[in-house]
Amino acid sequence: MELGKVFKMKGSYTIEAVFVVPVVLGLVFAMIYVIYYLHDRAVIYSNMQQEVISVAEGRKEYKNNTRWQQDIQKNLWIFNIISGSISKGRLYIESDIKAECSLDIPVIRYFINNKQEICIEDKYLAMHPGFIIRAKGVIPDK
C-alpha cells in the first residue's frame, strides 16, 4: 500500500513539471525577445535622428536610399531594414524606415507572432530654429 503512494507522488511531480516548465521557458524567451525588440526600436529611432541631424546641418547628403538604409542598420541585433527613404524639402526633412524580424523559435512562436515589424516615420525641421528666428528679425545677429 505504501509503495502505491510513493509512486503517485513521483508521478505528480512529473506531471506538474510537464505543464510548468514549458510555460516558464516560454515566458523567459518572450521577455528576452521583448528586450531585443525594444533595444532595436530605440536604436533605429536614435540612428534615424542622428542621420537626419547630419543632413540638416549639411554634413551628409543621401543621393540614394540604399546608403540611408545601411546607416540606419548599424548596431541592430535582430531586425533588418527592408525599406526606408529620406527626402529633404525646403522646410522639412521627411524620413521613414521599415524593419522586420523573423525568428523561428518554436516556444516564442507559441506566444507571439513569428514575424515582427517596426515602422517609423518622422518629420524634422530642415533649418535650425535659431536661424529661422534670426531671419524673421526677432533675435538680432551678433
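Lys74 sits in the middle ground for solvent contact: its relative accessible area is 44%, so it counts as partly exposed. In this predicted model, Lys74 pairs up with Asp71 in a salt bridge, with 3.7 Å between the closest N and O atoms. Asp71 itself is tucked away from solvent, since a relative accessible area of 2% makes it buried. The bridge thus joins a buried acid to a partly exposed base.

A similar pairing turns up between Lys60 and Glu51, whose side chains meet in a salt bridge at 2.7 Å, N to O. Here Glu51 is the buried partner, at 7% relative accessible area, while Lys60 comes out as partly exposed at 29%. Neither of these two bridges stands on its own: Glu51, Lys60, Asp71 and Lys74 are among the members of a network of salt bridges, which also takes in Arg67.

Then there is the bridge between Lys98 and Glu117, where the closest N and O atoms lie 3.9 Å apart. This pair ties together distant parts of the chain, with 19 residues separating the partners. Lys98 belongs to strand S2, which covers residues 92–102, and Glu117 belongs to strand S3, which covers residues 115–125. On the solvent side, Lys98 has a relative accessible area of 28% and is partly exposed; Glu117, at 39%, is partly exposed too.

As for the overall tally, the structure holds seven salt bridges, including the ones joining Lys60 to Glu51, Asp71 to Lys74 and Lys98 to Glu117.

How values were computed. Residues are numbered from 1 along each chain as its sequence is written. This is a predicted model: local features need pLDDT of at least 70, side-chain atom pairs count only at pLDDT 80 or more; totals for chains, interfaces and linings use all residues. Side-chain values use heavy atoms; hydrogens and water are left out. A salt bridge is a side-chain nitrogen of Lys or Arg within 4 Å of a carboxyl oxygen of Asp or Glu. Buried means under 20% relative accessible area, exposed over 50%, partly exposed in between (1.4 Å probe, protein chains only). Helices (H or I, at least four residues) and strands (E, at least two) are DSSP runs, numbered from the N terminus.
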